[in-house]
Amino acid sequence: MARALGLALALLAAVSGTPHLPPQSPPPVVLPGSFPLELLTGAMRAAAAEITTPCPELSALTVGPLAVAVTVLPLVSSADNDDYAHCEGAVKGWADSVGEGDDGADKLNLKDLLFFLHIPRTGGRAYFHCFLKKLYTSAQECPRSYDKLRFDPSHPDCKLVVSHDDYSLTSKLPKERTSVVTILRNPVDRVFSTYEFSVEVAARFLVHPNLTSAKSMTTRLLKKTRGVSTLDIWPWKYLVPWMREDLFARRDARGIDKTKSSKKVNPYDVDDMAMPLHQYINDPVAHEIIHNGATFQVTGLTNNSYFDGAHKVRHCVRKHPDLGRFVLQVAKNRLDRMLYVGLTEDHEESARLFAHMVGAQVLSQSGILNLDIQEDPPSGTDSHSSMLDQEDEETNEHMNSTDGWSSNNALNTTEDDHGKGNMTVGKLMETYESCIASLRKSQSSRRKISLKKVAEANFTKAARRQVPEAILKQIISLNGLDMELYEHAKNIFTQEHLMLKGQQPMVVQYKHPVVVQDKQLAAQKDWIDTVCDSWNCSTWKVVALGLGIAVTTVFIAFAVTSRRTLKLKI
C-alpha cells in the first residue's frame, strides 16, 4: 500500500506540484503498519471540492491532478495485490510440488551415490581433497561434476558427486539411491569470504596490461587445457568476471604502476583499489547470487538451477519477503533428510562427525578394510596439460582448475605418511589432519601472491572487526533466510554430536554387514579400548596377545584332561 501511495503522489507532484489543501484541514493520522486509504481519498476529494479561486485555469490545474491521483491510486493498489497473489500462488505451488515423499527414516544409511552439495566458501573443497579422495577412486567420481554442461551421472561406476550445483541436480540423479551431505557457514562470514575470494581470484588477472589481454589469454588457455577453470564453476563464473572488470577499471583510474592505496582505511573499503564491501553487498549481482545463497542452493532455486521456474520463485521471494517462509521450510526439511550436515565454524568436530557418519559407512560398504589410502594422481579432468609454454606458465596463476587448487602440493602428492594398510576411521582422521594442514599453508601463500597487485586489500580476521557495525547489520538483514537456516543446521549438528556420543540411539543398517552394531560388540570394543589405553596397541601386539590367550587356553585344557586320565588309570 505504501508503494501505491508513493506512485500516486509522485504522479500528482509531476503534473501540478504540491496541491493547495485548505489550512483548516488536519492531516490524516496514519498508524504504523497500516494506511487509511478511505481517509486519503476522502480528504483529496473534499479538498478538490472546496478549492475556490477567481482564476478558472488555476482551478483546473489544481483539481485535475487530484482527480487523476484519486483514480490511479486504487488501480495501483489493485495491481500490487494481484502481483502478490500471483507470487504467492507460484511459491506455494512450487513448495507443494517438491514435498519429500519419504519420512527420512533411513537417512542415516549411506546409499549407492553420495552427493556432496558444496555451498561456496564453507570448506567443502577441503573435505573433497582430504576426505573423499581418500575414500573413493577417480573411477568412482561422476565425470565433470563441477561442469554441469558435460556432467554425466549415468556412469555405471559413478558413486560420488561433489559440486556447487544446487539441489535441483538431484533431478538428474537416482533419487532413491542418493544420499546428500552438505556444510553450512555463518552467513555473515560466508559473505565476507565470498567477497574476499572474488577479489583474490580476479586480482590474479592484473598481471596483464589490460582487460582485453586478460580475456584473450583466458580463452587461449581454456582451449589448450582439458581442466575445469574457476571461470567454469558456479558462482565464480559470474562473480569473478564482474570483479575482474571492476579491478581493471579502478587500476586504469589510478595508474597501472600504483599498487598501494593513498587512503589509510579498512581493507574492505579501499575504493581506489577494489570494490568496497558496502558497494559489493548492495550490487544487483550480489542480490541475485550471494544473499540467502545457502537457502536457495539447498532448495534448488539458484540462477544455476535445473528447475525452469527457479527465477520466478526467487524473484517473488525477493519482492515479497514474507513468502520466504515457504522456501525456508523446504530448505529445513531437506537438511533434516540429509545424511550429514556440518558447520564450518566447528571445523574439528564437523570433520570427526563426517569421518564416523560418512567415512565409516564408505569403508564398510567397500567390503574391505585394507583400503589403499594413497591419493590418486592428478587426472586429465582435474589438472592442466603439461604442454604450457613459459609465458602460459607465468599467466596460468589464475587458471588453475577446481577453484585454483590443482597446483597445491598438498593435494597432488602420490603417497601419504601411512602408505597401504588397514584403513580405519582413526587413520582417516590422521590423514585428513595432515592434508588440511598442508592445504591451509598452501592457501595462505597463494593468497599473498594473488593480492600483490592490490596490496591494501589485506583481508584478515582482525580487519573484519574494523568493518562498521551498520554494514554487518545490513548483511544480516539481507540474509535473513540464511540466518534462520543456519540456526536450524546448528540444531541438527547438535543431534549428530549426541548420536555419536551415544546419548541418543543411532540406528544404522548397513547393506554390507561388515560392521554389526549391538550391545555385545559395543561391550567388547569398550574392553579392547581399556586394554589399549594402558598398553600402546599395535597390530603385532594384538596378534601376540591373541596367540598367548589361545596357547594358555589349550594348555589348561590339556592339563585338565591329563589329570582326569591319570585318575582313571589309578
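A cavity here is a set of grid points where a 1.4 Å probe fits but cannot get out. With that in mind, a search of the whole of this predicted model turns up five cavities of 30 Å³ or more. The legends below take one of these cavities, a pocket, two helix pairs and a few backbone oddities.

**View 1. The second largest pocket, with a volume of about 1200 Å³.** There are 43 lining residues here, and those closest to the pocket centre are Arg121, Arg185, Ser193, Gln443 and Arg447. Sorted by class, the lining comes out at 14 nonpolar, 13 polar and 16 charged residues. Five helices each put at least two residues into this lining: H4 (124–135), H5 (187–203), H13 (347–366), H17 (425–450) and H18 (461–464). H17 gives the largest share, with seven residues.

**View 2. Arg121, one of the residues closest to the centre of that pocket.** Look at the backbone here: Arg121 has a positive phi of about 65°, and it is not a glycine. The residue sits in the loop between strand E1 (113–117) and helix H4. H4 itself supplies at least two residues of the lining of the second largest pocket.

**View 3. Helices H13 and H17 where they cross.** The two axes come within 10 Å of each other and cross at roughly 130°. Oblique is the word for H13 relative to H17, because the angle is neither over 145 degrees nor in the 65 to 115 range. As for handedness, the crossing of H13 and H17 is right-handed. On the H13 side, the contact is made by His347, Ala351, Arg352, Ala355, His356, Gly359, Ala360 and Leu363. H17 answers with Val425, Leu428, Met429, Tyr432, Ile436 and Arg440. By class, this contact holds nine nonpolar, three polar and two charged residues. Both helices also turn up in the lining of the second largest pocket, with at least two residues each.

**View 4. The second largest cavity, with about 70 Å³ of space.** What lines this cavity? The residues are Ile119, Pro120, Arg190, Thr194, Trp234, Pro235, Leu239, Ile289, Ile290, Gly293 and Gln297. Seven of the lining residues are nonpolar, three are polar and one is charged. Helices H5 and H10 (293–299) each supply at least two of them. H5 also helps line the second largest pocket, again with at least two residues.

**View 5. A cis peptide bond at the wall of the second largest cavity.** Trp234 and Pro235 both belong to the lining of that cavity. The peptide bond from Trp234 to Pro235 is cis, with omega near 0°. Pro235 is found in the loop between helix H6 (211–224) and helix H7 (236–254).

**View 6. Helices H6 and H7, packed at an angle of about 145°.** Their axes are 10 Å apart. From H6, the residues in contact are Leu211, Ala214, Lys215 and Thr218, and they meet Arg244, Glu245 and Phe248 of H7. The class split for this contact is three nonpolar, one polar and three charged. The loop between these two helices is where Pro235 is found.

**View 7. Asn292, with a positive phi of about 55°.** Asn292 is not a glycine, yet its phi is positive. Its place is in the loop between helix H9 (284–289) and helix H10. H10 is also one of the helices that supply at least two residues to the lining of the second largest cavity.

Terms used
Residues are numbered from 1 along each chain as its sequence is written. This is a predicted model: local features need pLDDT of at least 70, side-chain atom pairs count only at pLDDT 80 or more; totals for chains, interfaces and linings use all residues. Side-chain values use heavy atoms; hydrogens and water are left out. On a 1 Å grid over the protein atoms alone, a cavity is a set of points where a 1.4 Å probe fits but cannot get out, and a pocket is an open set with protein on both sides within 12 Å along at least five of seven lines; lining residues have an atom within 4 Å of a point. Grid points are joined across faces, edges and corners, and a volume is the space filled by probe spheres set on the points. Helices (H or I, at least four residues) and strands (E, at least two) are DSSP runs, numbered from the N terminus. Ala, Val, Leu, Ile, Met, Phe, Trp, Tyr, Cys and Pro count as nonpolar, Asp, Glu, Lys and Arg as charged, and the others, Gly among them, as polar. Axes are lines fitted to C-alpha atoms, for helices over the stretch in contact, and angles run from 0 to 180 degrees between N-to-C directions. Angles under 35 degrees count as roughly parallel, over 145 as roughly antiparallel, 65 to 115 as roughly perpendicular and the rest as oblique. A crossing is left-handed if the near helix is turned anticlockwise from the far one by less than a right angle, and right-handed if clockwise. Contact means heavy atoms within 4.5 Å.
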